[in-house]
Amino acid sequence: MTGHLTEFCDTGYRTDVLDADSARLVAMTDGDLDTLDALIADGARYIHSSGEIDTKREYLTKLATGQFRYAAVTAENPHVTALGSTIALTYRMHAQLIFPTGPRQIHARASAVWRRYDDRIRLELFQSTPMPAES
C-alpha cells in the first residue's frame with residue numbers, strides 16, 4: 001500500500017497503520033479470525049457496502065459461521081489523514097465475496113479509522129460505499 005502523508009502525521013505511525021490495514025485485508029482473505037480479533041477494537045463498527053452495520057462480534061460471527069467469506073480483497077491508492085491519535089485511511093476497495101447464494105463482487109470507496117492505543121493500533125470504524133465497476 002502506498003499513500004499520501006499529511007504534514008501532521010508521524011511517519012512511523014503512518015507506516016504502522018498502513019501495515020495494520022494490509023494485515024487486516026490478508027486476514028479477511030485468509031479467514032484468520034484471531035488476527036482480525038486482535039486488529040479490531042472491541043467497540044468497533046463495520047458498515048458494509050449494503051448499509052448493514054455490524055459490531056465487532058457480529059462481524060466476526062458472520063465470518064466464523066460462513067454467512068460470507070472473502071475470496072480476495074484489495075485496497076488501491078490509500079490516502080492518510082492524521083487526526084491526533086487517530087488515522088483515517090480512504091481508498092478504493094475491490095472484494096470478491098462468497099455467500100451461500102453465490103459469489104459477489106464489490107467495488108467501493110472505503111474508509112478505515114485506526115486509533116493508537118498504548119499497546120497497539122486497532123480499527124475503530126470501517127465503512128464502504130459502493131461504486132460502479134470500472135469498465
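In this predicted model, Ile47 has Gln127 of strand β6 as its bridge partner. That bridge belongs to a wider arrangement around β6, which pairs with two strands, as set out below.

| Strand paired with β6 (residues 121-130) | Sense | Bridges |
|---|---|---|
| β1 (residues 40-47) | parallel | four |
| β5 (residues 102-116) | antiparallel | nine |

Strands β5 and β6 also form a hairpin, with four residues between them. Within this antiparallel pair, Arg116 stands opposite Ile121 in β6.

One residue of β6 merits separate description. Arg122 lies in this strand and is buried, yet Arg122 has no salt bridge. The nearest side chain of opposite charge belongs to Asp42, 4.1 Å away. Because a salt bridge requires the side-chain nitrogen and the carboxyl oxygen to be within 4 Å, the distance of 4.1 Å to Asp42 does not qualify. The side chain of Arg122 does, however, reach the backbone oxygen of Ala38 at 3.2 Å.

The surroundings of Arg122 draw on several parts of the chain. Leaving aside neighbours within four places in sequence, the residues in contact with Arg122 include Asp37, Ala38, Leu39, Ile40, Ala41 and Asp42. Also among them are Lys56, Val113, Trp114, Arg115 and Tyr117.

As to confidence, the protein chain averages a pLDDT of 90, and 90% of the residues score at least 70. Over residues 1-8, by contrast, the pLDDT is below 50, although this stretch has 21 contacts in the model beyond near neighbours in sequence. Where pLDDT is low, predicted coordinates should not be read in detail.

Terms used. Residues numbered from 1 in each chain as written. Predicted model: local features only at pLDDT ≥ 70, side-chain atom pairs only at ≥ 80, totals over all residues. Heavy atoms only, no water. Pairing = 2+ DSSP bridges. Buried < 20%, exposed > 50% of the residue type's maximum accessible area, 1.4 Å probe, protein only. Lys, Arg positive; Asp, Glu negative; His and termini not counted. Polar contact = N/O pair within 3.5 Å; in protein donor to acceptor, adjacent residues only side chain to side chain. Contact = heavy atoms within 4.5 Å. pLDDT = per-residue confidence, 0-100.
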